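Student: I'd like to go through this model one question at a time. Please begin with the terms we will need.

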Amino acid sequence: MTTGVIVVFYGPALAGMLSLPTSPVDGLNGRARGVGRMRWHAIVVLDSTLIVGSILLVEWVTSLGAVARASSPNPAELLLALVHQITGLILAATVLLIATFRRPRSPTTLVLLGGGLLAYALTSVVLVYQVAYGRHDLPAWSLLPLIASVQLLGLAALVPAHVPAERDGQAVPSPRAMWAHAALPYTVLAVAGTLVLGRLAAGAPLDRVEAYGTVSLLVLALTRQMITIAENTHLLTALREREEQLHYQAFHDPLTGLANRELFARRLRQAVGPSPEPDNDDAPTGHETVSVLFIDLDHFKAVNDAFGHAAGDELLKISADRLQNAARSTDTVARFGGDEFAVILIGSDPDTAVPIAQRLATAVQTPCHLADHPYRPRASLGLATLDHTTEPACPDTLLHHADLAMYAAKRRRTRGLVVYDPTLTTHHDQPRHP
């Protein structure tokens, strides 16, 4: 009766083992970390059960089965003794897996727990063999491991909780430890399976424990593999999402979400096409009509000084949204740096590019509110259209002309839009972009 009552406490004991504080290995937060922790708990329980079940099957095939068949013990008593042995070994295996493949925050607690549970499992093994022989009394020496287990478990409970300082990085196991973790349950299972196959090869029939035990272990191994496949799929998905995030960050401005200078230059090269080689009239020239519009917000420093840098960032985001909404779906709007923006207008000849640029100028200069104060942005804009009839297709040249036009607009009191004209190159104004 007493041993039957003790079985009830194995479930809470296993839950307590799994709740021991360890450093995370996945680097996740919030709900994702909770899902990862549940997955880890399931893997630990399955691995522990596989290891212990395989050990028990080896024990039964090599010695315990023969003893039970010869002595014919009470089946209920033998089953209860086996439950004590299995659960005690599962708890000990759980501690071993946590200590080996995680980064426990209290190694002393795990050492004491592991020692106490192993000592208790040793007593359970003695109990199983005593019941198998038809005896109900334990030898006096077998009480020593039981007493030691109680003392070790009590000391584990008395170890003061100590939260160490957070370490940099994640608790990433070594490749050797990861391979050991993956191979350990199947190695023990392979040993048990080899013994069972050996009995079948020798013509010996399998009893119920051997047959049902082998099938149960195979089902557990299949379940473990399914969890492994799901975990690998989750890792691949997370890796792809991370790669997409890094790719996005590499080519987009973090404040406004617009394309950055690198993506702008790449798309402009694609739009303009490769520069023709000397003496090669058949070289591709890309699109026939490509325009670039530079936008520079005027008095941006004054906004930062008057309203603060947060208001300046808000103005940049407002301007970015307005340009994005006013541009066409085929255009590329980019934050070129600081308070400057640039737009690639695909398929826009001078007759269509000017109205589009004027629409963008109107949008970006619409009044708004900054720091609860009304504010009317002002901008200088320069527009340049690639003319293949007078010059080769060159992205740098187009950028240079757009910058010249914007710089000319800067010098005007009225600011606004200036369309590039070849006469601008005769001025002493120096552009700020190559």
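Tutor: Happy to. Two strands pair if DSSP finds at least two bridges between them; helices (H or I, at least four residues) and strands (E, at least two) are DSSP runs, numbered from the N terminus. This is a predicted model, in which local features need pLDDT of at least 70 and side-chain atom pairs count only at pLDDT 80 or more, while totals for chains, interfaces and linings use all residues. Residues are numbered from 1 along each chain as its sequence is written, and side-chain values use heavy atoms, with hydrogens and water left out.

Student: How many helices and strands does the protein chain have?

Tutor: DSSP runs are what we count here. For the protein chain, they come to 13 helices and nine strands.

Student: In what order do the strands of the open sheet of five strands stand?

Tutor: Start from E3 (residues 290–297), which pairs in the antiparallel sense over seven bridges with E5 (residues 340–346). E3 also pairs with E8 (residues 379–385), again antiparallel over seven bridges. The sheet as a whole has mixed pairing, and its order is E4-E5-E3-E8-E9.

Student: Which strands stand at the edges of this sheet, and why is one side of each left without a neighbour?

Tutor: Each edge strand has a single partner strand, so one side of it has no neighbour in the sheet. The two are E4 (332–337) and E9 (416–419).

Student: By how many degrees are neighbouring strands turned against each other on average?

Tutor: The axes are lines fitted to C-alpha atoms, for helices over the stretch in contact, and angles run from 0 to 180 degrees between N-to-C directions. For this sheet, direction is ignored, and the average is 20°.

Student: Which helices pack on the sheet?

Tutor: Contact means heavy atoms within 4.5 Å. One helix, residues 261–272, touches E3, E4 and E5, at about 25° to the direction of E5. Another, residues 350–364, touches E3, E5, E8 and E9, at about 165° to the direction of E8. They are H9 and H12.

Student: Is E3 largely enclosed or open, and why?

Tutor: Buried means under 20% relative accessible area, exposed over 50% and partly exposed in between (1.4 Å probe, protein chains only). In a regular strand the side chains alternate between the two faces of the sheet. In E3, Val290, Val292, Phe294 and Asp296 on one side and Ser291, Leu293, Ile295 and Leu297 on the other are all buried. Eight of its eight residues are buried, so E3 is largely enclosed.

Student: Which residues stand opposite phenylalanine 294 in E5 and E8?

Tutor: Phenylalanine 294 has a partner on each side. In E5 its partner is alanine 342, and in E8 it is glycine 382.

Student: Which side chain makes a polar contact of 2.7 Å with aspartate 47?

Tutor: Aspartate 47 lies in H3 (residues 30–71) and has 0% relative accessibility, so it counts as buried. A polar contact is a pair of N or O atoms within 3.5 Å; within protein, one must be able to donate a hydrogen and the other to accept it, and residues adjacent in sequence count only if both atoms are side-chain atoms. The partner, itself buried in H8, is arginine 224.
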